[in-house]
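Visitor: I'd like a close look at one part of this model, beginning with a single residue and working outward. Please take your time and show me how that part is held in its surroundings.

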Amino acid sequence: MKTKRLILAGFFSLFMGCSNNLDPDTLFLSQASDIKGFDPTQSVDVRTGQTIALVYDNMVHFGNSTEIVPGIAKSWRLSSDQLTYTFELHRKFRFHDGTEITAGDVKFSLERLSNSPNAWLFSRIDKITLLEDEGGFSVQITLKEPFSPFIQFLAMPATAIVNKSIAKAKDNDLRNKPAGSGPWQLVEWVRDGHMLFSANPDYFYGSPKLSHLKVRIISEEMTRSAEFETGRLDIIDIPQSEFKMWITDPKWTDLIFSQNELSIYYIGLNCSRPPFNDVRVRQAMNYAADREKILKFVLSGQGNISHGVIPPGLPGFDDTLHPYPYNPQKARQLLSEAGYPNGFTMELWQSQASELAQVMEAFQSYWKSIGIDVKIVKNDWNIFKTAVKEGKPDAYYLDWYADYPDGENFLFPLFHSSESMIRRNRYSSPIVDSLIERIQSMSDSPERTNLISTVDKIIYQDAPWVFLWHSTSYIVSQPWIQGYSTTLMFNAQKYLSVTKELSRQ
Amino acid sequence: MGSYFIKRIFQTIPVILGVITLTFILMYIVPGDPVMSMVGERYDEATIQKLREELHLDDPIWMQYFRFLGNLLHGDLGRSFVTFNPVLDDLLTRFPFTLTLALSAMIVSILIGLSVGILSSLKPNSLLDRGTMMFALAGISAPVFWVGLLLILYVSVYLKWLPPTGYGGIEYLILPAITLGTRSAAFLARMTRATMLDVLQQDYIRTARAKGLPEWKVILKHAFPNTLIPVITIIGVDFGSYLSGAVLTESIFGWPGIGRFALDAILKRDFPVIQGTVLFTALMFISANLIVDLFYGVVDPRIRFERKQ
């Protein structure tokens, strides 16, 4: 019986799944692959996080830039010992089923994290206390030790607040049936096909202006472009391979949005063994490649060359610094001093994607010119990630995107020895470790910002990576789309004020 | 006939068992770790260990193998490591998409393949024959993704006749069906032509013509049915492979079928889904072959007779 029902449901969605794409009340978006599900605690990737942000809400939100703004919490204060946050919740902030969000939902939602792939977010919390005397709308979170980025944790998709009574109900499956309070409500989900949402008319911060939002799963970049060109998608990310075509087409130039992303692209060098245990060799790798040229010609200039790990836009980014210049003579000299006058051979790992291949081949040829023989090893993402964790590659090409907009997020997970030595490029520096730990415990201040810049400089000199660039994303919208703007953090985008005026075709 | 099919069905058991065993061994030989697909860039070691325990990944391989077989006997294919949905449910909801695409591709393939094959066999080495066979060769050689993207570009973007991708009505089915069916149509055309040329030389065709039958009757009633055995074989094999999912066509046209499901599972090392889709594929091939066998008997009564003997 169940089998029959499932097959029938499939056939139904096959023929009834699509509505008119020029529907003036529906925003059509696309994603390259489906999400993991609607359980916030399982959200470990950008696509799932973006979708979670549509149907759930958090205690606090990321604003359009690096600021934190109120969400479900109306206000909050931090105790003088920097350990206890006290939150006051908004009254009448309701879940989709109409029940009011209380401190009990907050405690329940955050405690769910402890038994999830996002347990690391919970590991900073000592206890969560409900302040019953204030009517169930106040909650205290006590940390094990001072940790200034904690408030930003509460704006991440994984810490979204779920409806406790629904989530605890027997047979409930949050992965398939969200229980949130966000601006959009899930209407239909055809896995690998599409997700249809309707506007939450009672959303606390005002219902979205459009009545529906449809996210279509289209894995091919070129077909996403074709869908957009035929007006069946309203907003798309411009594919890297088609960048020049879009940016030079007068039809679209005025409709393109660019956003400097909080990201860093790099080639990690395994610092735990020769030849990259010698800082001179690592610096030589940085001097030996003309990154400006590679960025310009292979990636059509979509980014900014990095002179450190902190991306522009974050406190701690120091724009008086300069990147390693392209200087092959200096690179050869450093290699000779390190005892490698004739270079060496090495493996450079990457996960599979065509534009990566061109980037890696460009580096391969630059390094060849100073005697370093690079063998490129391509593998799928899973093998690649496992190998990096095990410290297998001599070097690997990877990127890092901010979980939250704070310099600490670019320092601790990437360079603190407790992280780097077990799952990244085996970089260990006691000075860097202790400075990062200080940054973690300091409250937001000019002194903290200066310290972030200082650590960034030390790391750049130490060159555990070949530092590449901070990416810029380009997004194009249809002429009939109004009220759209980009956001710095991926989950700050909720499409609340977007409207469609089809007369502007 | 009935006992023949029962025998055939029993014969499939070792095939299925072989497929399961081989997939199991391959999954554990191939490097990669399913847990790595479940966690993000940040995780702690305790989480990894807990997930490994929950998924029984640290159990000896033989224990995992027999647990899978035991569950299978109860009709349970397990749950996806990534989505935690029952694999069988996910397969069943995707199957209508795959089946619809497979049937439409077969219709395209049969309509084009048979008519082109018959037409070109009637006037061998004529301009028409050479032209159609050249197209057939191009159809076999053209990569699926290239055909798909060209169709999208011309038919959808330039001419705006059909939607580029999606599902929701017959208009969404035409381009993927042509894309998927082209290669099979080309094979079918060449096979039909070759077999027809052979059949048209037979004595019974000369007899049919000698007794004054109109040419269309000679072709359709006497020659064509005799070409069907190899033609049905090709159709059966292609249909079996389409039913197990057409990864490229599904990816290009945003079609949520079994092919994309399987590919995604392989990339994420989602073992239960890989095992489920491989098993499903094997069943589809076996069923398609059984149906082909049934059709042999329909088009050629001698086959039924021989089996009875």
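Guide: Happy to. The helices and strands I mention are DSSP runs, a helix having at least four residues and a strand at least two, and they are numbered from the N terminus. Keep in mind that this is a predicted model. With that settled, let's start at B:Leu57, which sits in the loop between α3 (45-54) and α4 (61-73) of chain B. Its relative accessibility is 9%, and because buried means under 20%, B:Leu57 counts as buried.

What surrounds this leucine? Setting aside neighbours within four places in sequence, B:Leu57 is in contact with B:Tyr28, B:Pro34, B:Val35, B:Arg52, B:Gln64, B:Phe81 and B:Phe271. B:Leu57 can also be placed relative to B:Asp33: the two are 24 residues apart in sequence, while their C-alpha atoms are 9.5 Å apart in space.

One of the contacts of B:Leu57, B:Arg52, is worth following. B:Arg52 forms a salt bridge with B:Asp33, with 3.0 Å between the closest N and O atoms. B:Arg52 belongs to helix α3 of chain B, whereas B:Asp33 is in the loop between α1 (2-29) and α2 (34-38) of chain B, so this pair ties together parts that are 19 residues apart in sequence. Both B:Arg52 and B:Asp33 are buried.

Another charged group leads from chain B to chain A. Salt bridges with shared partners join B:Glu45 with A:Lys389, A:Glu419 and A:Arg423 in one network. Within it, the side chains of A:Arg423 and A:Glu419 meet in a salt bridge at 2.9 Å, N to O. These two residues are separated by about one helical turn because they are four residues apart in helix α15 of chain A. Both A:Arg423 and A:Glu419 are buried.

That brings us to the contact between the chains. It takes 58 residues from chain A and 53 residues from chain B. The size of an interface is often given as the accessible area lost when the parts come together. Here, the area buried between chain A and chain B is about 4900 Å², and carbon and sulfur atoms give 55% of it. Between chain A and chain B there are six salt bridges. One that you can find in the view pairs B:Arg269 with A:Asp380, whose closest N and O atoms are 2.9 Å apart. Polar contacts between chain A and chain B come to 23 residue pairs, with both residues at pLDDT 80 or more.

Which parts of chain A make up its side of the contact? Those giving two or more residues are α1 (2-16), α4 (119-122), β10 (212-217), α7 (221-229), α13 (381-389), β17 (395-401), α14 (408-415) and α15 (417-423) of chain A. The most comes from α1(A), with ten residues. By type, the residues on the side of chain A that touches chain B divide into 24 nonpolar, 17 polar and 17 charged.

Now let's step back to the chain where we began. Chain B has 15 helices and zero strands. Its C-alpha trace spans about 85 × 60 × 30 Å along the principal axes. Of its 309 residues, 52% count as buried, as B:Leu57 does. Among the contacts in chain B between residues at least 6 apart in sequence, 71% join residues at least 24 apart.

How confident is the predictor about all this? Chain B averages a pLDDT of 87, and 97% of its residues score at least 70. Within chain B, confidence is highest in helix α7 (residues 144-158), at 93, and lowest in helix α15 (residues 301-308), at a mean of 61. The scores for the model are ipTM 0.86 and pTM 0.90.

If you return to the view, start with B:Leu57 in its loop, move to its contact B:Arg52, and then follow the salt bridge from B:Arg52 to B:Asp33. From there, turn to B:Glu45 and the network that joins it with A:Lys389, A:Glu419 and A:Arg423.

How values were computed
Residues numbered from 1 in each chain as written. Chains lettered and ligands numbered in written order. Heavy atoms only, no water. Contact = heavy atoms within 4.5 Å. Buried area = accessible area lost by both parts, 1.4 Å probe. Salt bridge = Lys/Arg side-chain N within 4 Å of Asp/Glu carboxyl O. Polar contact = N/O pair within 3.5 Å; in protein donor to acceptor, adjacent residues only side chain to side chain. Nonpolar A, V, L, I, M, F, W, Y, C, P; charged D, E, K, R; others polar. Buried < 20%, exposed > 50% of the residue type's maximum accessible area, 1.4 Å probe, protein only. pLDDT = per-residue confidence, 0-100.
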